[in-house]
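This report goes through one structure, moving from a nucleic acid surface to the meeting of two chains and then to a helix pair. Please keep the sequence and the 3D view at hand while reading.

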There are 2 protein chains.
Amino acid sequence: MSAPVRRTGGRSAAVLSAIRYAVEDLVRERGAEKVTIPMVAERAGVNPTSIYRRWGDAPAMLNDIATYRLDPDRSLPQTGDLRADLTAWAGEIVEHYRKPLNAAILRGGTPMAGERETDCLRNRRTEALQIVERAGTASQVTADEMIDQIIAPIVYRAVFLPWTLDEDLAARLVDRLLPA
Amino acid sequence: MSAPVRRTGGRSAAVLSAIRYAVEDLVRERGAEKVTIPMVAERAGVNPTSIYRRWGDAPAMLNDIATYRLDPDRSLPQTGDLRADLTAWAGEIVEHYRKPLNAAILRGGTPMAGERETDCLRNRRTEALQIVERAGTASQVTADEMIDQIIAPIVYRAVFLPWTLDEDLAARLVDRLLPA
DNA sequence: TCGTTAAAGCAACGATATTTGCTTTAGTTA
DNA sequence: TAACTAAAGCAAATATCGTTGCTTTAACGA
């Protein structure tokens, strides 16, 4: 009656990785809304059933893949200067979504978002909390403000207006958030 | 060689309207990512081909329908007080996306967003420009700031964190944007 | 290394979706 | 109100998708 032991290494890992590469290629080639599971399976050299049983459908697969594209374990900027840290963090995310592939994968996964408690951007919130925490209680920003004023504008642009993700967007957003 | 004359009234209008209602029902019943074109066609009492030829696929259809759900011709708040106008405008949009149906339709259409110049939120930008314009040159806010700090947070939450769209979100966002 | 069993592969089926050429209907303009 | 033709309907063929029961492989823990 205990939870089944997950198998994450070896063949399973290889399959997952092949799927990820296949998805990347196909999203680039045809756009996220046109990738189908049989297509991914063929490209990855994997059986379609494996994908169906793991995710169920394409948006769920994309949503899950999008979640891990910006490495959740990467180290966060920590210079001690809140403004600098925020700018670096925001800049990293802007850079990420400036790559059309990343923006497209995000878009392809959104139909699944908001229906479960787990959204593909939950990692950003974790990071925001960490940065706030490090800045100490004296800090004037909350994680919620970071989400609303930094992440939301970046993601909004990535999804709907990708051509407006310019290089100094991060700095502009941070400047608006922090008192001069 | 001139552009073909579009037919927007009569039967075409009836078909479009039947499709819209069918989409609403089906999104409510099964979620946006599960509605298929044949399904919509049947429910609307319309031939599937009509839908295929008009939009090509489901995300494109949803994206288009999402664009017109908040009436672009509704009158904007215009009390003369910028803060009041902004709050009313933002509140209207929050209310809109608090309805799960509207949020779901938005999500269902996003895979198509960002690929063409026309996104399903362009009307919000038009409205922002109008409000800024009315406020006169003395105004301290730009349309871009309104998009980044009002629309983006609302839409971000609608898509990824719909349960956080609370009633006073609009007021909070406006307060952050406008100097006290 | 061995036993257990999660996860991948296979195959065949039933269901749907999508395309295409053509016909019919009816919106628009003159 | 008549001509022109955009847009809807129809039908049939094609192509895909997604499911299911079962077999095989190999990851993990003891």
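**The surface near DNA strand C**

The model is predicted, and the residues near DNA strand C are a convenient place to begin. They divide into 10 nonpolar, 10 polar and eight charged residues. In total, 28 residues surround DNA strand C, and the closest of them are B:Gly9, B:Gly10, B:Arg11, B:Thr36 and B:Pro38. From chain A, the elements that give two or more residues to this surface are α1 (10-30) and α3 (48-55), while from chain B they are α1 (10-30), α2 (37-44) and α3 (48-55). The most is given by α3(A), which supplies four residues.

**How the two chains meet**

Between the chains, 26 residues of chain A are in contact with 26 residues of chain B. On the side of chain A that touches chain B, the elements giving two or more residues are α6 (100-109) and α8 (143-160) of chain A, and the largest share, eight residues, comes from α8(A).

The table sets out the residue classes for the two surfaces described above and for the helix contact discussed below.

| Set of residues | Nonpolar | Polar | Charged |
|---|---|---|---|
| Surface near DNA strand C | 10 residues | 10 residues | eight residues |
| Side of chain A that touches chain B | 16 residues | five residues | five residues |
| Contact of α5(A) with α9(A) | eight residues | two residues | one residue |

Two copies of a chain are related by a rotation about an axis and a shift along it. Here, chain A can be laid on chain B with an RMSD of 0.1 Å by a turn of 179° and a shift of 0.0 Å along the axis, which means that the relation is that of a two-fold axis. Because 100% of the interface residues of chain A are also interface residues in chain B, the copies meet through the same surface.

**A helix pair within chain A**

Two packed helices are described by the angle between their axes and the distance between the axes. In chain A, helix α5 (residues 82-98) and helix α9 (residues 169-177) pack at an angle of about 140°, and their axes are 8 Å apart; α5(A) is therefore oblique to α9(A). The crossing in which α5(A) passes α9(A) is right-handed. On the α5(A) side the contact is made by A:Arg83, A:Leu86, A:Thr87, A:Ala90, A:Gly91 and A:Val94, and on the α9(A) side by A:Leu169, A:Ala170, A:Ala171, A:Leu173 and A:Val174.

How values were computed: Residues numbered from 1 in each chain as written. Chains lettered and ligands numbered in written order. Predicted model: local features only at pLDDT ≥ 70, side-chain atom pairs only at ≥ 80, totals over all residues. Near = placed C-beta within 6 Å. Nonpolar A, V, L, I, M, F, W, Y, C, P; charged D, E, K, R; others polar. Axes fitted to C-alpha atoms, helices over the stretch in contact; angles between N-to-C directions. Parallel < 35°, antiparallel > 145°, perpendicular 65-115°, else oblique. Left-handed = near helix turned anticlockwise from the far one by under 90°. Contact = placed C-beta atoms within 7 Å. Least-squares fit on C-alpha atoms with pLDDT ≥ 70 in both.
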